[in-house]
Amino acid sequence: MTASTAATFTADDYRARMGRAARAAAEAGLAGLLVAPGPDLVWLTGYTPPAVTERLTLLVLAAGQDPVLVVPALEAPDAHRAAGASALTLRDWTDGKDPYAATAALLDASGRFGISDNAWALHLLALQQALPGSSYASLTEALPMLRAVKDAAELDLMAAAGAAADATFEEIRNVPFAGRRESEVAADLDRLLRGHGHEQVDFTIVASGPNGANPHHEAGERVIARGDMIVLDFGGLRDGYGSDTSRTVHVGEPTDEERRVHDLVREAQEAGFRAVRPGAACQDVDRAARRVIADAGYGEYFIHRTGHGIGVTTHEPPYMIEGEERPLVPGMCFSVEPGIYLPGRFGVRIEDIVTVTEDGGRRLNTTTRELVIVE
């Protein structure tokens, strides 16, 4: 998390998050949470270790107990400077000592714990050896909605990230496309995102012509030509919070079919957005968008879920997909991004980040969803 983001949140904010997480763990039947370096640790404490090494760093949370951050002694000064440091107890360990024994002393020997998805197997196996009666579940499995509902300050950061991505699109639509490689346009996207405040760029998809039929096409050396439909999908982190938007542009005038398919995806995206409201199931958003495309005879060419959550990572729960009955709650943020992908020909995707409000939804991306003609 960047310094500007850390300044946005106080020790009290992190204390409240850790308390809420510990209570949620207890309500889920867990003895506590074990949080390794990664997005969960940053969100809960404001601390990013200076390097990811084999040395154990672990936040221990349990209801009714003060939070404890186990850190290597050589990194303790950095941990003390974290924005949330005063809301927890730091327990450092030195090389040559057993950090797992020290951590085990903080845990219920027979408890079941939620543990970060990205925790190293090295550390988990050592904890299991130290506490053979313990068991573990991934945080995504145990508490998938831990970070899903954003507070007002987080929503402001999400909106700023969305505005930066929008500004990037407004500039990229004016650069030359024809005669340039996809990778060159992708480099422009990276430069523009960073120029508009992103400290991290996660993806810059530029999928031209037949490459557009691959939703996760990596920008390559294909030379863009007149007559190409181009899917642009880009985003990353600005002040620690994510952006992700997709627009489809066309080099020169499109055919009637290309316009028709683009208009259909735009209609489906609008239908998905209008399905957003508190209490609706996540799958309702997927169903609304998918119905438009299926009814027009293109159902088999919409080959991915309609959306994914976003926050301190660009992909996280909740997911807008059939079978996900979890209700939408004000403060949730996720993408609405239907698409049609015609193999060997072209693809179309339109994506906005949407947040749930008290009476519906609000788009965090506001650039035109009409087909944009580029040169």
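A salt bridge is a side-chain nitrogen of Lys or Arg within 4 Å of a carboxyl oxygen of Asp or Glu. Arginine 147 and glutamate 316 meet that criterion, with their closest N and O atoms 2.7 Å apart. The structure is a predicted model, and a search of the whole of it finds 29 salt bridges. The points below cover charged pairs, aromatic groups, backbone features, the surface and two buried residues.

**Salt bridges**

- Arginine 147 forms a salt bridge with glutamate 316. Arginine 147 lies in the loop between helix H7 (139–142) and helix H8 (152–172), and glutamate 316 lies in strand E12, so the pair ties together parts that are 169 residues apart in sequence.
- Both partners of this bridge, arginine 147 and glutamate 316, are buried.
- A salt bridge also joins the side chains of aspartate 188 and arginine 191, at 3.5 Å from N to O. These two residues sit three residues apart in helix H9 (residues 182–195), about one turn of the helix.
- Aspartate 188 has a relative accessible area of 12% and is therefore buried, the cut-off for that class being under 20%. Arginine 191, at 48%, is partly exposed.
- Glutamate 324 pairs with arginine 326, with 3.8 Å between the closest N and O atoms. Arginine 326 counts as partly exposed because its relative accessibility is 29%, which falls between the 20% and 50% limits.
- A network of salt bridges links Arg247, Glu270, Arg274, Asp352, Arg363 and Arg369.

**Aromatic rings and charges over them**

- The structure holds four aromatic pairs. Ring pairs connect Phe9, Tyr14 and Tyr241 in a cluster.
- Arginine 290 lies over the face of phenylalanine 302, 3.9 Å from the ring centre.
- Arginine 363 is placed over the face of phenylalanine 273, 4.1 Å from the ring centre. Arg363 is also one of the residues in the salt-bridge network.

**Backbone features**

- The peptide bond that runs from proline 317 to proline 318 is cis, with omega near 5°. Proline 318 belongs to strand E12 (residues 316–320), the strand that also contains glutamate 316.
- Aspartate 239 is not a glycine, yet has a positive phi of about 50°. Its place is the loop between strand E8 (229–238) and strand E9 (241–242).
- Aspartate 239 counts as buried because its relative accessibility is 18%, and the class takes in values under 20%.

**Surface**

- Val52, Trp120 and Leu122 make a nonpolar surface patch of about 310 Å².
- Within this patch, leucine 122 lies in helix H6 (residues 121–130). Leucine 122 is partly exposed, with a relative accessible area of 47%.
- Serine 86 occupies the loop between helix H4 (76–80) and strand E4 (89–93). With a relative accessible area of 57%, serine 86 is exposed, as the limit for that class is over 50%.
- Apart from neighbours within four places in sequence, serine 86 is in contact with Ala11 and Arg15.
- The C-alpha atoms of serine 86 and threonine 45 are 9.5 Å apart, and the two residues are separated by 41 residues in sequence.

**Two buried residues and their contacts**

- Histidine 308 is in strand E11 (residues 307–309). Its relative accessible area is 2%, so histidine 308 is buried.
- When residues up to four places away in sequence are not counted, histidine 308 touches Asp244, Thr314, His315, Glu316, Pro318, Tyr319, Cys333, Phe334, Ser335, Glu337 and Glu351. Among them are Glu316, a partner in the bridge to arginine 147, and Pro318, which follows the cis peptide bond.
- Histidine 308 and alanine 153 are 155 residues apart along the chain, with 21 Å between their C-alpha atoms.
- Glutamine 269 lies in helix H10 (residues 256–274) and is buried, with a relative accessible area of 0%.
- Beyond its neighbours within four places in sequence, glutamine 269 is in contact with Val336, Pro338, Ile350, Glu351, Asp352, Arg363 and Arg369. The salt-bridge network includes Asp352, Arg363 and Arg369.
- Glutamine 269 and arginine 290 are 21 residues apart along the chain, and their C-alpha atoms are separated by 9.1 Å. Arginine 290 is the residue over the face of phenylalanine 302.

Notes: Residues are numbered from 1 along each chain as its sequence is written. This is a predicted model: local features need pLDDT of at least 70, side-chain atom pairs count only at pLDDT 80 or more; totals for chains, interfaces and linings use all residues. Side-chain values use heavy atoms; hydrogens and water are left out. Helices (H or I, at least four residues) and strands (E, at least two) are DSSP runs, numbered from the N terminus. Buried means under 20% relative accessible area, exposed over 50%, partly exposed in between (1.4 Å probe, protein chains only). Contact means heavy atoms within 4.5 Å. Rings of Phe, Tyr and Trp (its six-membered ring) pair if their centres lie within 6.5 Å; planes under 30 degrees apart count as stacked, over 60 as edge-to-face and the rest as tilted. A charge sits over a ring if NZ of Lys or CZ of Arg is within 6 Å of the ring centre and within 35 degrees of the ring normal. Patches are made of residues with over 30% relative accessible area and no salt bridge: like charges are joined within 9 Å, nonpolar side chains (Val, Leu, Ile, Met, Phe, Trp, Tyr) within 5 Å. Accessible areas come from the Shrake-Rupley method with a 1.4 Å probe; for residues, only the protein chains shown count as cover.
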